[in-house]
Amino acid sequence: MAKTPPKSRAQQSAKLRSPDLGAADMGGESPQKATPVPAETDISFTYADPQAAGGETHQVAGGDIPTLTTQQGIPVADDQNSLKQGARGPTLLEDFHFREKMFHFDHERIPERVVHARGYGAHGYFELTDSLSDVTRADVFQRVGERTPAFVRFSTVAGSKGSVDLARDVRGFAVKLYTQEGNWDLVGNNIPVFFIQDAIKFPDLIHAAKPEPDRAFPQAQTAHDNFWDFVSLTPEAFHMIMWTMSDRALPRSFRTMEGFGVHTFRLVDAKGKSTFVKFHWKPKQGLQSVVWNEAVKINGADPDFHRRDLWDAINAGDFPEWDLGVQLFDDAFADSFDFDVLDATKLIPEELVPIRVVGRLVLDRVVDNFFAETEQVAFCTQNVPPGIDFSNDPLLQGRNFSYLDTQIKRLGGPNFTHIPINAPKCPMHHFQQDGHMAMHNPKGRVNYEPNSWGATQGGPREDPARGFISFAEEADGPKQRVRSETFADHYSQARQFFVSQVQIEQKHISDALVFELSKVERPDIRSRTVSHLLHIDPGLAATVADGLGISLPDGAVAARQPITDLPASDPLSIVKNGPDSFKGRKLGILLSDGADAAIFKALVAAVEADEAVYEVIAPKIAGVTLSDGTTVAAKHKIDGGPSVLFDAVAIVVAKEGAALLALDAPTKDFVADAFAHCKFIGFTAEARSIFAKAGMTDDLDEACLLLEDEEDAVMFLAACRQLRHWARELEVDLDAR
Ligand code: HDE
């Protein structure tokens, strides 16, 4: 290759590099004009000829700044340029740093979870408040006051990793407790029942719910033909359908939803006596959901609404907390119960078996690294410590195979338990060895047992007194593929759920069914779905049929008659189990220049007194100057901070600012959406011009409160404790008929 004279080569390379340097380092300025950048952004790299680049010197890592290395620990001198044959020549295969960096990047992704792909986790602890030593030997349930480290991952089910947080969907509520006798994974959901009774149907259910295979849409939606085709042919799904069409599928926050173990499990004492148990997580924050129209808009405004909420709350020291409740019952209750306790499409009403609260779960630490912890955490239903055992629920039995299997695929091999987030925090000793990425291999010569190497060299031994012993359940019967007759009543509990809802919740269920079925193209699927609703509630079926514009079909053939009228159960309603304060909720305050400082400050004080939070929305992100000359920075510019992001809103504006805002479409949406979503609205008199432009003047009701002085601000915050003014939606609905 012809040699280029050193000088001209240097000049060439300097000419080509300068604009790049400017873009990366100096805000687009040329190096000569650059303003100094803070030390932490300094980088070290090599010019072909430093003189030619204007004589700039760039700080090399040193002092407290660690030197960049390869994965092998080799210090890196230049991370900005690949190794080339000449400044403009080809990149050399010899560049091990480039190849290692790119190879690693190429392999950054692991398969996303086949379900529950989108999730968000946090650390915390479980504290026992009432010992369960009367019914179980499980170590975690023995000593009141003892804290067990916990990791919790919340998730949606159907959407892929990059989907939105407020899809209408079930939420996963998976808890890993690092107990002193091994990890206990209680892999639950925010709904206490499931779509299917036998695990063999799970692949079909999930295929039907996920995007249709030819077109790969819709994403994170059950509003399509395949899903409703499957469920309308699977009547056992209808209890769960009632839950997923309710606002339970649109939680306001992970912090405001319940968690359920779903299946019947067993607690086993030291003598081997078993007690059946259902696990419940009850949020201390109270239950709360959003409405569908709001959810759709939140997904656009902030697809990370739930994860941001959890991250912000924990970082602000507002640690979410749940009570752990257990429903304990014996064989006699199980035998007398109207339904089969092994059927995961049924719950046990709390009125029949009251909940005993035995502990609390607190989430007090966000993850350091999302991938290392939230993505790599591997929950397995079969992880149960001594004293906790399975029932014969065929869904649970199938899950016990699926979870281990899926982790091997997802995390690449059998050593996923070596990853810190999955490793037990108690001592562990076993002879399992080798495999991909093995981190903990047995030391010494012995890797088998029994052996005769004695106590010091022979390694661990089993311990019948301490070890896990399966409950010695008697089982007999022919080998057969059947469904028990005791699983056959598909509608009674679906009806119970529906009649337990308050009027607005019932309306949301029928609205959701009409919406979803309106996205179904085949009329026979729509109609077949309504044929099941007839067994649940004829009024509901009629409303949905009317909403679809179809005539009522005949009722579906029920696997078992009669369908029982069970009494309403209050714990099934969200509205009946809401919070009694605005704590942990968020007020959005829309400000303009010249806004009344006293009212703004009174609102802030009231928010803080209620341990709630607020965010300021303003015409410009730099903020506003209030009537007293104070400046307030904004969190959102008005078009980036729609009212759907807040639990309640206050519009504190001055005349001139209001006049300008009234011309602004996002501002009109801000007030109109807050009103449509039944939120409490506080406003200064000047905001009336905005309401007028939004066409709301005649509609303002008792949940739209005028803020004239500081006292009004306090009263407004007190009113916000109800969260929503549902009467507004019901009135609008009645007007529409
Ligand atoms: Fe899961 N489920 N599931 N599931 N599930 C998974 O495991 C499965 C079921 C639940 O945050 C997978 O690690 C089968 C009920 C949660 O990492 C997979 C059946 C309940 C999570 C799997 C069910 C759940 C999963 C996918 C029917 C509530 C997320 C990735 C028999 C009680 C855990 C993974 C996390 C995840 C299988 C039904 C809850 C494939 C076969 C019922 C919260 O193993």
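Helix α10 contributes the most to the shell around the ligand in this predicted model, giving seven residues to that shell. In total, 26 residues surround the ligand, and the closest of them are Arg-113, His-116, Gly-172, Ala-199 and Val-262. Besides α10 (394-411), the elements that supply two or more residues to the shell are the strands β2 (147-156), β3 (171-179) and β4 (182-189). By class, the residues of the shell divide into 13 nonpolar, ten polar and three charged.

The UniProt record, an unreviewed entry, lists residues 69-457 as "domain: Catalase core". Over residues 69-457 the chain is 23% helix and 20% strand, and the C-alpha atoms at the two ends are 40 Å apart.

Two packed helices are described by the angle between their axes and the distance between the axes. For helix α3 (residues 202-209) and helix α4 (residues 225-232), the axes come within 7 Å and cross at roughly 145°. On the side of α3 the contact is made by Asp-204, Leu-205, Ala-208 and Ala-209, while α4 brings Asn-226, Phe-227, Asp-229 and Phe-230. The contact of α3 with α4 has five nonpolar, one polar and two charged residues.

The two sets of residues can be set side by side by class.

| Set of residues | Nonpolar | Polar | Charged |
|---|---|---|---|
| Shell around the ligand | 13 residues | ten residues | three residues |
| Contact of α3 with α4 | five residues | one residue | two residues |

Helix α12 (residues 492-499) is largely enclosed by the rest of the structure, because seven of its eight residues are buried. The buried residues of α12 are Ser-492, Gln-493, Ala-494, Arg-495, Gln-496, Phe-497 and Phe-498, and what covers them includes α5 (238-245), α13 (503-518), α14 (523-536) and α15 (538-548).

Strands of a sheet pair through backbone hydrogen bonds, either parallel or antiparallel. An open sheet of six strands, with parallel pairing, follows the order β15-β12-β11-β16-β17-β18. At its edges lie β15 (636-637) and β18 (704-706), each of which pairs on one side only. Strand β12 (residues 613-618) pairs with β15 in the parallel sense over two bridges, and Lys-637 in β15 is the bridge partner of Ala-618. Helix α16 (residues 597-609) packs on the sheet, where it touches β11 (586-591), β12 and β16 (648-652), and the direction of α16 makes about 170° with that of β11.

Methods. Residues are numbered from 1 along each chain as its sequence is written. This is a predicted model: local features need pLDDT of at least 70, side-chain atom pairs count only at pLDDT 80 or more; totals for chains, interfaces and linings use all residues. UniProt positions are given in the numbering used here, feature names are shortened, and annotations may be inferred rather than shown by experiment. Helices (H or I, at least four residues) and strands (E, at least two) are DSSP runs, numbered from the N terminus. Axes are lines fitted to C-alpha atoms, for helices over the stretch in contact, and angles run from 0 to 180 degrees between N-to-C directions. Two residues are in contact if their C-beta atoms, placed from the backbone, lie within 7 Å. Ala, Val, Leu, Ile, Met, Phe, Trp, Tyr, Cys and Pro count as nonpolar, Asp, Glu, Lys and Arg as charged, and the others, Gly among them, as polar. A residue is near a molecule or strand if its C-beta atom, placed from the backbone, lies within 6 Å of it. A residue is buried if 20 or more other C-beta atoms lie within 10 Å of its own, exposed if 12 or fewer, and partly exposed in between; C-beta atoms are placed from the backbone. Two strands pair if DSSP finds at least two bridges between them.
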